[in-house]
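Here is a short, informal tour for anyone opening this structure without knowing their way around yet. Have a look at the picture, then read on.

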Amino acid sequence: MNLNLPIRDSLARSASGLAGVAPRALKFSVISTILGLCGLRTTLPRLGYTAALLGILLCPGLTSAQTTTDENDLIQLSIEDLTKIKVFSASRHLEGLREAPSAVTIITADEIKRYGWRTLGEVLRSVRGFYISDDRQYTYLGVRGILRPGDYNTRILLQVNGHRLNDNIYDQAMLGTEFPLDLDLIDHIEIVRGPGSSLFGTNAVFAIINVITRRASKGTLEASGETESFLGRTGRLTASAEKGRWSGLFSGSLYRSNGPEKLFFPEFAAPATNNGIALNMDWNHVGQAFVDVQYGNLRLQSFFSNRNKVVPTASYGAIFDDPRTLDRDTRGGLDVSYHLNLSPQTDLDLRTYYDGYEYYGPSAYEAPGTGRYVQVTRQRADWSGAEANLGVQLGKQRITIGGEYEHTLNASQKNYVVGQMPSFAVNNDPWLTAVYGEAQLNLIPKVTIRAGGRFDWYSTFGGMLSPRVAVIYSLNPRTTLKYVFGRAFRAPGAFEEFYIDNISIQAPPRPLRPEQIQSNEIVFEHNLAPWLSMTADGYYNHLNNIIENVEAPSGLSYFVSDAQDWARGIEFELEAKRASGLAARASYAFSNAYNSNDGARLANSPRRQAKLNATLPIVHRGFAGLELLSFSEQQTFEGTTVPASFLCNVTLSSKPLWRHWEFSASSYDVLNHRLFTPMGPNDPESAIRQDGRTFRFKVSYRVGPERK
Amino acid sequence: MKPMLLRLACALGLISLLAPLAWTQLVDERAVKAAFVFNLTKYVEWPQPNHELIVGVNDDSPTAETLKKVLDGRNSESRPIRVLLFPSDAQLEQCNILYVGHSSPKKWRAVLERVRNKNILTVGDSDSFAKDGGIVGLVTAGDHIQIEVNLAAAAEAHLKISSRLLHLSTIVQPTHEARH
């Protein structure tokens with residue numbers, strides 16, 4: 001829901017003028033901090049942490065109040081001189097969010113261009129504490145140490161302009177090429193960590209990722225083309241217009257890739273299965289369209305995406321090297337919203353929507369006696385709903401209340417062998433309704449308390465309460481300390497609840513309960529200088545009733561909400577941003593995640609992650625973007641170990657040249673390490689390798705007014 | 001090999017970042033905007049002489065705090081300035097200047113509608129604020145802050161803007177049709 005409520009405290013850094021710090025002292029503390037953070041792979045990690053802490057503590061001006069001499073000096077200046085001063089831009093207001101007062105990361109369109117990220121998954125991989133897994137079908141996201149193999153990103157709420165993208169069959173957050181929007185349409189991405197169910201309901205367990213699209217501008221036409229390794233090619237056409245109170249943005253994209261011609265899987269290295277070589281088994285076809293029309297306060301958005309991807313990994317027992325096994329995901333939605341300013345202190349947002357999703361997945365199988373056949377799983381759902389949200393400012397306090405209703409008009413799940421009647425077909429129409437509220441109280445100076453909760457009622461399992469309390473303390477204009485406690489949940493999806501075909505999945509012994517998380521988090525944010533900020537956060541999460549697919553004595557499996565996990569960790573980040581375009585983000589995340597039932601470490605969970613993203617301007621014409629990502633080793637579902645990964649990506653991008661043209665060239669996995677990805681319980685491989693060094697070239701042509 | 005490479009890259013990246021630190025001085029744009037608003041009080045003429053200047057701020061970003069800190073209590077041509085954060089409807093009547101910090105056109109159009117024909121100098125910091133009917137826009141363009149003035153809106157509010165200010169500003173034409 002695009003509520004246009006500006007984010008407050010998490011980015012409320014009122015840096016007043018330059019830090020009163022000697023440049024040399026500042027340089028020393030920052031360098032020692034970074035070197036300390038980089039010391040994670042040495043034999044003396046403790047020394048590294050100590051150096052980092054020393055660097056931070058030694059930084060002068062940490063606790064002293066900031067002087068205001070600069071502001072007083074500015075007042076004395078003449079208006080002519082004021083127009084000549086060079087300014088540093090503070091963080092922008094964020095759009096529409098019933099904000100979670102925790103650690104927030106913003107990724108801008110400029111960063112997406114300068115780092116050459118191709119999918120939303122690659123963007124998220126650069127974020128502190130986040131890691132991804134790509135099994136050549138979908139991209140999966142791990143947050144704070146938890147990425148359950150065989151999962152579908154159900155514990156992340158993914159939105160576009162506040163509109164939920166998780167589908168109503170699998171509850172999946174689509175992050176790879178299956179993400180329904182072209183990355184060029186993004187203005188910025190708001191990543192809010194922590195439990196968000198107190199305002200948004202299901203799926204908002206680990207993070208809410210809200211993708212905000214670009215605004216329409218007067219008479220603009222854009223065409224862009226990309227070519228990448230393995231004959232990947234993309235074409236996009238975007239048109240935008242503005243007239244009076246009307247504005248519209250229309251865009252369409254097509255992507256095709258042949259994928260690597262030969263993929264080798266050692267698990268199938270036998271003459272009967274082509275010696276482990278899958279030929280032309282990684283092709284990918286995507287078509288997308290997006291429309292955003294506004295008239296005054298009324299907004300209509302619509303998106304559509306269709307992706308066809310062949311599956312090379314012979315998952316779920318399919319025949320190896322058979323191109324008939326593929327995933328086709330179709331996702332679309334229509335969203336109409338209206339914003340009302342009832343008074344300068346009160347605003348009302350109304351939204352209604354209609355969404356659809358279809359999964360079409362044929363798989364080639366071979367059975368003794370039956371021979372070869374193709375079995376199709378076809379899931380289809382459409383759902384519609386309405387939301388209302390009221391925000392009231394009462395002096396220094398702020399109240400938000402709202403309600404939602406959503407009805408899945410039809411969730412149809414089918415399984416059939418091509419040419420035969422369905423062996424399984426079921427139709428359901430669950431619904432949910434919810435009310436929520438949050439108060440932001442500024443009763444004590446320097447302290448903000450945000451307390452709220454949401455009550456959901458599901459036709460499938462009944463009621464669920466998700467409270468959240470946050471205390472935000474601004475020590476001084478440049479330093480903020482937060483503590484957040486919250487409970488969030490993930491309701492069982494239609495797939496878990498209703499798909500009982502008695503061929504592979506049987507009825508559960510007990511009704512499924514929603515998963516729940518209890519989350520505690522402390523965040524420390526500080527501006528070392530107007531252009532340099534640091535964040536440190538620590539968390540302790542406990543998950544209950546995790547829904548798992550468990551094998552039964554009959555040989556079939558069933559879903560049950562029994563598992564329990566806990567995770568705790570600590571993360572550090574330094575971010576620098578200069579007006580010239582020079583920017584860098586360095587982070588280090590440490591996490592420990594365990595299964596509470598048997599005390600075993602969780603699979604797919606790297607204990608340490610270190611990242612560096614840096615952009616440097618090049619001779620006023622463009623930028624060089626460097627990305628260095630390091631993840632420690634992981635256990636796979638089967639108990640084997642996937643070695644540590646080190647990834648280096650480089651992108652050279654240009655500013656607009658000759659007014660209309662922009663170019664970029666990228667190389668991914670420059671060192672050709674061919675990273676390993678752990679696989680899930682339904683894959684015959686315990687891990688597969690990624691593509692190694694690949695390239696992409698991109699050209700775009702734009703006609704229209706000058707972009708700032 | 002790998003840990004060394006990573007550390008080296010980190011260090012190089014950060015050192016190259018810090019190198020220009022000693023030479024460029026960048027000022028926080030919020031402080032500059034507050035200074036601009038102060039200057040506006042000197043170069044805008046209200047229809048009636050004012051005993052004090054009341055600046056309403058409809059903005060919950062740090063800019064609001066800076067405005068309050070810098071302007072509250074200061075004197076401009078022997079008129080004390082008072083800053084009101086989030087003025088109520090009644091307080092709006094008394095404002096001489098209204099600083100609108102919302103980033104969304106929907107919000108500031110609603111606010112501008114409210115203060116029409118009221119002799120209030122509306123100031124905003126978003127790109128299309130002046131085009132949309134605001135009187136003065138303080139727009140960050142690249143490294144500098146530029147002034148945009150909507151003369152039609154100023155005339156509607158019966159405010160006179162000194163030629164010294166106009167000389168430094170970009171005059172902006174309103175883009176949308178008159179609202180009914």
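Helices and strands here are runs assigned by DSSP, helices with at least four residues and strands with at least two, numbered from the N terminus. Keep in mind that the whole thing is a predicted model. With that in hand, here's a spot to find: G73(B) sits just after α3(B) and takes a positive phi of about 90 degrees.

Let's stay with that helix. How many of the ten residues of α3(B) are buried? Seven of them are, so the rest of the structure largely encloses α3(B). The buried set is P62(B), T63(B), A64(B), T66(B), L67(B), V70(B) and L71(B).

Part of the company comes from another helix, α2(B). Two packed helices are described by the angle between their axes and the distance between the axes. For this pair, the axes come within 9 Å and cross at roughly 50 degrees. Angles of 35 to 65 degrees fall in the oblique class, so α2(B) and α3(B) are oblique to each other. Their crossing is right-handed. On the α2(B) side, the residues that meet α3(B) are R30(B), A31(B), K33(B), A34(B), V37(B) and F38(B). Across from them, α3(B) offers P62(B), T63(B), T66(B), L67(B), V70(B) and L71(B). Sorted by class, this contact has eight nonpolar, two polar and two charged residues.

Then there's the sheet in chain B. Eight strands make up an open sheet with mixed pairing, in the order β4-β5-β3-β6-β7-β8-β9-β11. At its edges stand β4(B) and β11(B), each with a single partner strand, so one side of each has no neighbour in the sheet. Strand β11(B) runs parallel to β9(B), and two bridges join them. In one of these, E148(B) has T170(B) as its bridge partner. Our helix shows up here too: α3(B) packs on the sheet and touches β3(B), β5(B) and β6(B), with its direction at about 155 degrees to that of β5(B).

Here are some of the chain B elements and where to find them:

| Element | Residues |
|---|---|
| α2(B) | residues 29-43 |
| α3(B) | residues 62-71 |
| β9(B) | residues 144-149 |
| β11(B) | residues 170-171 |

Finally, hop over to chain A. Y255(A) lies in strand β11 of chain A, which covers residues 246-257. Is Y255(A) buried or exposed? It has 20 C-beta neighbours inside 10 Å, so Y255(A) counts as buried. Setting aside neighbours within four places in sequence, Y255(A) is in contact with T177(A), T234(A) and V286(A).

How values were computed:
Residues numbered from 1 in each chain as written. Chains lettered and ligands numbered in written order. Predicted model: local features only at pLDDT ≥ 70, side-chain atom pairs only at ≥ 80, totals over all residues. Axes fitted to C-alpha atoms, helices over the stretch in contact; angles between N-to-C directions. Parallel < 35°, antiparallel > 145°, perpendicular 65-115°, else oblique. Left-handed = near helix turned anticlockwise from the far one by under 90°. Contact = placed C-beta atoms within 7 Å. Nonpolar A, V, L, I, M, F, W, Y, C, P; charged D, E, K, R; others polar. Buried ≥ 20, exposed ≤ 12 C-beta atoms within 10 Å, placed from the backbone. Pairing = 2+ DSSP bridges.
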